[in-house]
Amino acid sequence: MAKPGHAWSRSAAAAAQGEAEEGEDPLDAMIARTGCLEQHRQLQECMAERQDWRHCQAQLRAFGACMARRQQRE
């Protein structure tokens, strides 16, 4: 079962609204610091809707590209 706060099954609406939860998920906090939070949320929303990562390739590539740009800057 996925960790609360970083569950693929978390509703897209709650993820989009940045719903506050008890204690911020460390992974979510780390992604927020990268500047790629929006791409990550779009990927989460796609996964919640489609339940299959193969249907979320555009979002996956966008998130990966954002993270790669972040690494190059460091």
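Visitor: At roughly what angle do the axes of H3 and H4 cross?

Guide: In this predicted model, the axes of H3 and H4 come within 9 Å of each other. Two packed helices are described by the angle between their axes and the distance between the axes. For H3 and H4, the crossing angle is roughly 155 degrees.

Visitor: Are H3 and H4 roughly parallel or roughly antiparallel to each other?

Guide: The axes of H3 and H4 cross at roughly 155 degrees, and angles over 145 degrees count as roughly antiparallel. The crossing of H3 and H4 is left-handed. By the angle, H3 and H4 are therefore roughly antiparallel.

Visitor: Which residues in H4 are met by residues in H3?

Guide: On the side of H3, the residues in contact are Gln 39, His 40, Gln 42, Leu 43 and Cys 46. Of these residues in H3, His 40, Leu 43 and Cys 46 are among the buried ones. Their partners in H4 are Gln 59, Leu 60, Ala 62, Phe 63, Cys 66 and Arg 69.

Visitor: Are H2 and H4 roughly parallel or roughly perpendicular to each other?

Guide: The axes of H2 and H4 lie 10 Å apart, and the two helices pack at an angle of about 65 degrees. Angles of 65 to 115 degrees count as roughly perpendicular. H2 and H4 are therefore roughly perpendicular.

Visitor: Which residues in H4 meet Ile 31, Arg 33 and Thr 34 in H2?

Guide: H4 spans residues 57-73, and H2 spans residues 26-34. From H2, Ile 31, Arg 33 and Thr 34 take part in the contacts. The residues they meet in H4 are Phe 63, Met 67, Arg 70 and Arg 73.

Visitor: Which cysteine is joined to Cys 36 by a disulfide?

Guide: A disulfide is a covalent bond between the sulfur atoms of two cysteines. The S to S distance for the disulfide of Cys 36 is 2.0 Å, and a distance within 2.5 Å is what the assignment needs. The pair links distant parts of the chain, 30 residues apart, with Cys 36 in the loop between H2 and H3 and its partner in H4. That partner is Cys 66.

Visitor: Why is the disulfide of Cys 36 and Cys 66 described as left-handed?

Guide: Both cysteines are buried, Cys 36 with a relative accessible area of 0% and Cys 66 with one of 5%. The handedness follows from the torsion about their S-S bond, so the disulfide is left-handed at a value of about -90 degrees.

Visitor: Where is Cys 56, which forms a disulfide with Cys 46?

Guide: The sulfur atoms of Cys 46 and Cys 56 are 2.0 Å apart. The torsion about their S-S bond is about -90 degrees, so this disulfide is left-handed. The pair links distant parts of the chain, ten residues apart: Cys 46 is in helix H3, and Cys 56 is in the loop between H3 and H4.

Visitor: Is Cys 56 buried or exposed?

Guide: Residues under 20% relative accessible area count as buried. Its partner Cys 46 has a relative accessible area of 7% and is buried. Cys 56 has a value of 0%, so Cys 56 is buried.

Visitor: What is the pairing of the bonded cysteines, numbered in sequence order?

Guide: The structure holds two disulfides. One joins Cys 36 to Cys 66, and the other is formed by Cys 46 and Cys 56. In sequence order, the pairing is 1-4, 2-3.

Visitor: Which residue follows H3 and has a positive phi?

Guide: H3 has 14 residues and reaches 20 Å from its first C-alpha to its last, close to the 20 Å expected. The residue that follows H3 is in the loop between H3 and H4 and is exposed, with a relative accessible area of 56%. Its phi is about 60 degrees although it is not a glycine. This residue is Gln 51.

Visitor: How many helices does the protein have?

Guide: From the N terminus on, the elements run α-α-α-α. Buried residues make up 30% of the 74 residues in the protein. There are zero strands, and the number of helices is four.

Methods. Residues are numbered from 1 along each chain as its sequence is written. This is a predicted model: local features need pLDDT of at least 70, side-chain atom pairs count only at pLDDT 80 or more; totals for chains, interfaces and linings use all residues. Side-chain values use heavy atoms; hydrogens and water are left out. Buried means under 20% relative accessible area, exposed over 50%, partly exposed in between (1.4 Å probe, protein chains only). The expected span of a helix is 1.5 Å times one less than its number of residues. Axes are lines fitted to C-alpha atoms, for helices over the stretch in contact, and angles run from 0 to 180 degrees between N-to-C directions. Angles under 35 degrees count as roughly parallel, over 145 as roughly antiparallel, 65 to 115 as roughly perpendicular and the rest as oblique. A crossing is left-handed if the near helix is turned anticlockwise from the far one by less than a right angle, and right-handed if clockwise. Contact means heavy atoms within 4.5 Å.
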